Amino acid sequence: MAAPGHSPTRFHRVHGANVRLDASRTRATRVESFANALCFSHEPLAPGQIFLVEIEEKELGWCGHLRVGLTAHDPQSLDAVPEYSLPDLVSLGDTWVFAITRSHNRVSVDGQEEPAPAPAPLWEPELRIDGVRIPRDKLVGRSRPGRYSHLLDELYRTNVLPPTALRSRIGVLYAPRPDGTADMHIVINGEDMGPSARSLPTARPLYAVIDVFASTKSVRVIQVEYGFPSLQTLCRLVIQKHIVHRLAIDGLDLPPMLKHFCQHE
């Protein structure tokens, strides 16, 4: 199933003491320390709806990275926003949080990391998770091309951005199961990491949890458009499928704005 159209996603007015939101409530920045930076979606997520953020700023000197998840607690019902998502918010119950690391984010089965499935080419229009279909284009973070980026970025076929890097895009959603429960999935740069939590209760509203923790200093909400891709997106998919590397886009006879969209957005 594809999630229906939704109003623009943004952060809830309730958040940690060290968080500052911009006027649109789509960018969250931790202004001091390394904790007290919990954020929530402004409303519960619908089944199959992804809450997606891009890492906008990093801060050296801290150990740890972004943490994401879901909670059945209405942020307005909290007596106080916990200092940490792990373990503080999770200890309240009905909360599931996943700590993002640089390299090991796939779900463990019997203590062993699940092998990565063969990644679908990033120009395929949809990411499919169980019965959920999500437009893939906005899910993939893209580095800024530099002098040697063509050596790292082969045909857009692999994700070269580490999960914790600047411009990496990380999202959370839940996929309903036939038994009436749901599985929580973390999506990193267009790839599903597997069911990171199972048997979530779908009878209660589930809010996204974004913990702007430690080395992650600022994140920005990315709007995902469900339904048919735009003409601009379709053009980019065709271009990406046939170019050698992103720097080759500079040599194409295209409008400057389309070149920028293909390379950076």
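Which side chains does a polar contact of 3.2 Å join? Keep that question in mind while the whole chain is on screen, and note before selecting anything that this is a predicted model.

**The whole chain**

Colour by secondary structure to begin with, and the protein will show four helices and 15 strands. Colouring by accessibility instead brings out the buried residues, which make up 49% of the 265 residues, while the surface that the protein exposes comes to about 12700 Å², with carbon and sulfur atoms supplying 55% of it. If you draw a contact map, counting contacts between residues at least 6 apart in sequence, 70% of them join residues at least 24 apart.

**Strand 12 and Asp183**

Select residues 181-188, which are strand 12, and within that strand pick out Asp183. The side chain to display with Asp183 is that of Arg198, since these are the two that the polar contact of 3.2 Å joins. Asp183 is buried, with a relative accessible area of 3%. To see what surrounds Asp183, leave out residues up to four places away in sequence and show its contacts, which include Asp130, Leu173, Tyr174, Pro195 and Ser199 as well as Arg198.

**The nonpolar cores**

Next, select Phe11, Phe51, Ile186 and Ile210, which touch the most other members among the 32 residues of the largest nonpolar core. Strands 4, 5, 6, 11, 12, 13, 14 and 15 are the elements that give two or more residues to this core, and strand 12 contributes the largest share, four residues. In soluble globular proteins, nonpolar side chains tend to be buried together.

Centre the view on Ile186 and, setting aside its neighbours within four places in sequence, show the residues in contact with Ile186, among them Val68, Phe98, Ile170, Gly171, Val172 and Met193. Another core, of 13 residues, lies apart from the largest one, and its members include Ile50, Ile134, Leu173 and Ile222.

From Ile186, move to Gly171, which is found in strand 11 and counts as buried at 1% relative accessibility. Beyond four places in sequence, Gly171 touches Ile50, Phe51, Leu52, His185, Ile186 and Val187. A C-alpha to C-alpha distance drawn from Gly171 to Ile188 should read 6.6 Å, although the two residues are 17 apart in sequence.

**The aromatic cluster**

Which residues form one aromatic cluster? Select Phe34, Trp62, Tyr84 and Phe213 to display it; a search of the whole structure finds five aromatic pairs. In the pair of Phe34 and Tyr84, the ring centres are 6.2 Å apart and the planes stand at 40°, so this pair is tilted. Phe34 lies in the loop between strand 2 and strand 3, and Tyr84 in the loop between strand 5 and helix 1, so the pair ties together parts that are 50 residues apart in sequence.

Keep Tyr84 selected and add Phe213: the centres of their rings are also 6.2 Å apart, but the planes are at 70°, so the pair is edge-to-face. Since Phe213 belongs to the loop between strand 14 and strand 15, this second pair ties together parts that are 129 residues apart in sequence.

Are Phe34 and Phe213 buried or partly exposed? Phe34 is partly exposed, with a relative accessible area of 27%, whereas Phe213 is buried, with a value of 6%. As a last selection, add Arg67, whose charged end sits over the ring of Phe213, 3.9 Å from the ring centre.

Conventions: Residues numbered from 1 in each chain as written. Predicted model: local features only at pLDDT ≥ 70, side-chain atom pairs only at ≥ 80, totals over all residues. Heavy atoms only, no water. Buried < 20%, exposed > 50% of the residue type's maximum accessible area, 1.4 Å probe, protein only. Polar contact = N/O pair within 3.5 Å; in protein donor to acceptor, adjacent residues only side chain to side chain. Contact = heavy atoms within 4.5 Å. Areas by Shrake-Rupley, 256 points an atom, 1.4 Å probe, with all protein chains shown as cover. Phe/Tyr/Trp six-rings, centres within 6.5 Å; stacked < 30°, edge-to-face > 60°. Lys NZ or Arg CZ within 6 Å of the ring centre and 35° of its normal. Core = buried A, V, L, I, M, F, W, Y, C linked by side-chain atoms within 4.5 Å.
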